[in-house]
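Hi everyone, thanks for making time this morning. I'd like to walk you through a structure I've been looking at, so let's put it up on the screen.

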Amino acid sequence: MKIAVSATHRSLDADVDPRFGRCMCFVIVETEGNEIKNHKEIDNNAIRATRGAGIQAAQTVANEGVEVVITGNIGPNAFNVLTQTGIEVVTGVTGKVKEAVEKYLKGKLKDTSGPSF
Amino acid sequence: MKKIASTGTKGGVGKSTFAILLAYKLSKNKKVVLCDCDVECPNDYLILNQKLKNPTKIHQQYPVLDKKKCIKCGLCSKTCRENAIFWIKDKYPVFIYDLCTACGACMIVCPKSAIKTKKEKSGESFTNKINNNFWLVTGRSKAGITETGPIVSEVKNRAIKFAEKKKTDYIIFDTAPGTHCSVIQALLDVGKAYAVTEPTPLGAHDFSLILELLKKIKVPAEIVLNKADVGNRKLIEKIAKRFKTKISVEIPYSEELVKAYCEKDLVRMVGLI
């Protein structure tokens with residue numbers, strides 16, 4: 001399974017970026033069972049978007065084929081398109097990217113029913 | 001027909017008041033249409049003691065996907081500068097209407113003509129006759145519309161057509177404050193713009209922004225300095241020099257004028273200037 005986490009810099013040890021649309025970058029984590037198998041970092045081109053940053057960022061992670069998005073906050077537009085695409089969205093997450101993914105895999109993070117702002 | 005604009009970046013400096021007084025003065029011996037382009041909160045009609053009645057609807061054409069024709073190429077999404085089209089590989093594009101400005105670019109680029117349109121009301125326009133030489137055209141956007149540039153553009157077209165029909169000598173566009181899309185639409189193709197400001201630090205800061213915009217869109221600018229005798233006029237003179245523009249109208253601060261304005265007494269206001 002692939003998980004996208006908004007991150008403050010390009011590392012598994014980075015903090016989860018509280019913003020989704022305008023986060024610094026995304027860490028794409030590949031998991032198998034409860035283990036992190038692989039990870040890569042991708043730029044978030046939407047960071048400089050004048051409008052619709054959330055949509056553009058959602059497109060970026062969706063095109064990576066992720067099934068789950070973990071972030072701090074997400075707006076209504078990005079939330080709706082992601083969930084309509086069948087991607088699970090988890091918000092309100094803080095701490096390190098790696099810890100966030102591990103928590104999710106252990107079932108300690110629940111998906112969100114709506115946008116956080 | 002001469003096209004003139006009354007504009008400025010800061011609110012409350014007297015853009016509308018100047019536009020109305022100019023239109024009113026010109027109407028003494030010329031025919032004038034005043035077009036209120038501040039569609040998010042048009043209020044020229046208030047000072048002119050009018051009521052907005054008999055609206056003509058303004059529509060915008062929003063994109064709708066014809067799934068039978070769509071080949072999921074994503075060109076529409078890549079073209080959209082508003083990021084209003086969500087598209088992922090091998091899926092149909094999704095239009096986000098909250099972000100769409102109805103610019104029509106997606107329809108133009110679609111290689112299969114798979115994007116149809118749906119009409120939706122985005123605003124309305126009104127026409128009032130002030131006197132035999134003076135008409136007011138007002139645009140008003142529907143509450144909740146985030147992108148009002150296209151509404152301004154439509155109101156402007158209607159006002160120009162109306163002015164041509166009435167064979168007026170002047171059309172004056174009163175813009176919203178700021179330098180955003182709505183203001184730009186109101187200023188495009190105008191022969192001369194009066195940048196209204198006041199000699200205060202805030203007035204000066206915002207003033208350089210509007211001169212920057214006018215330079216960029218190649219509209220000749222002249223300066224209207226309101227409350228010219230209070231504050232520090234050197235602030236404005238410095239910027240005027242930098243942009244090679246001149247202060248062509250000065251309105252001194254006058255308590256009488258403020259009183260007449262509060263009482264919507266146009267005749268008295270004109271008499272005081």
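Let's begin with a strand pair in chain B: strand β2 (residues 32-36) and strand β7 (residues 134-141) run parallel and are joined by 5 bridges. If you want one pair of residues to find on the screen, take D36(B), whose bridge partner in β7(B) is T138(B). Please keep in mind throughout that this is a predicted model.

Now zoom out to the sheet around that pair. It is an open sheet of 9 strands in chain B, with the order β3-β6-β7-β2-β8-β1-β9-β10-β11, and its pairing is mixed. Which strands sit at the edges? They are β3 and β11 (247-251) of chain B, each of which pairs on one side only. On average, neighbouring strands in this sheet are turned by 20 degrees against each other, ignoring direction.

Two helices packed on this sheet deserve a look. Helix α1 (residues 15-26) of chain B touches β1 (2-7), β2, β7, β8 (170-174), β9 (192-197) and β10 (221-226) of chain B. The direction of α1(B) makes about 165 degrees with that of β8(B). Helix α7 (residues 201-216) of chain B also packs on the sheet, touching β1, β9 and β10 of chain B. For α7(B), the angle is about 170 degrees with the direction of β9(B).

That brings us to the core. The largest nonpolar core has 58 residues, and A23(B), C35(B), I172(B) and A195(B) are the ones that touch the most other members. Which element gives this core its largest share? That is α1(B), with 8 residues.

C35(B) is a nice place to stop and look around. Setting aside neighbours within four places in sequence, C35(B) is in contact with V137(B), V155(B), K156(B), A159(B), I171(B), I172(B), F173(B) and D174(B). There is another core lying apart from the largest one; this other core has 46 residues, among them A4(A), V68(A), V93(A) and I115(B).

Here is chain B as a whole. There are 10 helices and 11 strands in the chain, and its C-alpha atoms fill a box of roughly 65 × 40 × 30 Å along the principal axes. Of the 273 residues in chain B, 45% are buried. Among contacts in chain B with a separation of 6 or more, 74% are between residues 24 or more positions apart.

How is chain B divided into domains? Domain 1 takes 2-58 + 122-272, and domain 2 takes 67-113. The centres of these two domains of chain B, taken over C-alpha atoms, are separated by 37 Å.

Next, a couple of backbone details for those of you who like Ramachandran plots. Most residues other than glycine have a negative phi. N49(B) is not a glycine, yet it has a positive phi of about 60 degrees. You will find N49(B) in the loop between α2 (44-47) and β3 (56-65) of chain B. Is N49(B) buried or exposed? N49(B) is exposed, because there are 11 other C-beta atoms within 10 Å, and 12 or fewer counts as exposed.

K72(B) is another non-glycine residue with a positive phi, here about 55 degrees. K72(B) lies in the loop between β3 and α3 (75-79) of chain B. With 14 other C-beta atoms within 10 Å, K72(B) is partly exposed.

Over to chain A, which has a sheet of its own. This open sheet has 5 strands in the order β3-β2-β1-β4-β5, and the pairing is mixed. At the edges are β3 (35-43) and β5 (88-90) of chain A, each pairing on one side only. From one strand to the next, the twist averages 20 degrees. Strand β4 (residues 68-70) of chain A runs parallel to β5(A), and 3 bridges join the two. Across that pair, V69(A) stands opposite V89(A) in β5(A).

Finally, how do the chains meet? The contact takes 12 residues from chain A and 11 residues from chain B. On the chain A side, α1 (53-63) and α2 (76-84) each supply at least two residues. The largest share of that side, 6 residues, comes from α1(A). By class, the chain A side has 5 nonpolar, 6 polar and 1 charged residues.

That's my tour, and I'm happy to take questions.

Key: Residues numbered from 1 in each chain as written. Chains lettered and ligands numbered in written order. Predicted model: local features only at pLDDT ≥ 70, side-chain atom pairs only at ≥ 80, totals over all residues. Contact = placed C-beta atoms within 7 Å. Helix = DSSP H or I, 4+ residues; strand = E, 2+ residues; numbered from the N terminus. Nonpolar A, V, L, I, M, F, W, Y, C, P; charged D, E, K, R; others polar. Domains from an automatic or database assignment. Buried ≥ 20, exposed ≤ 12 C-beta atoms within 10 Å, placed from the backbone. Pairing = 2+ DSSP bridges. Axes fitted to C-alpha atoms, helices over the stretch in contact; angles between N-to-C directions. Core = buried A, V, L, I, M, F, W, Y, C linked by C-beta atoms within 7 Å.
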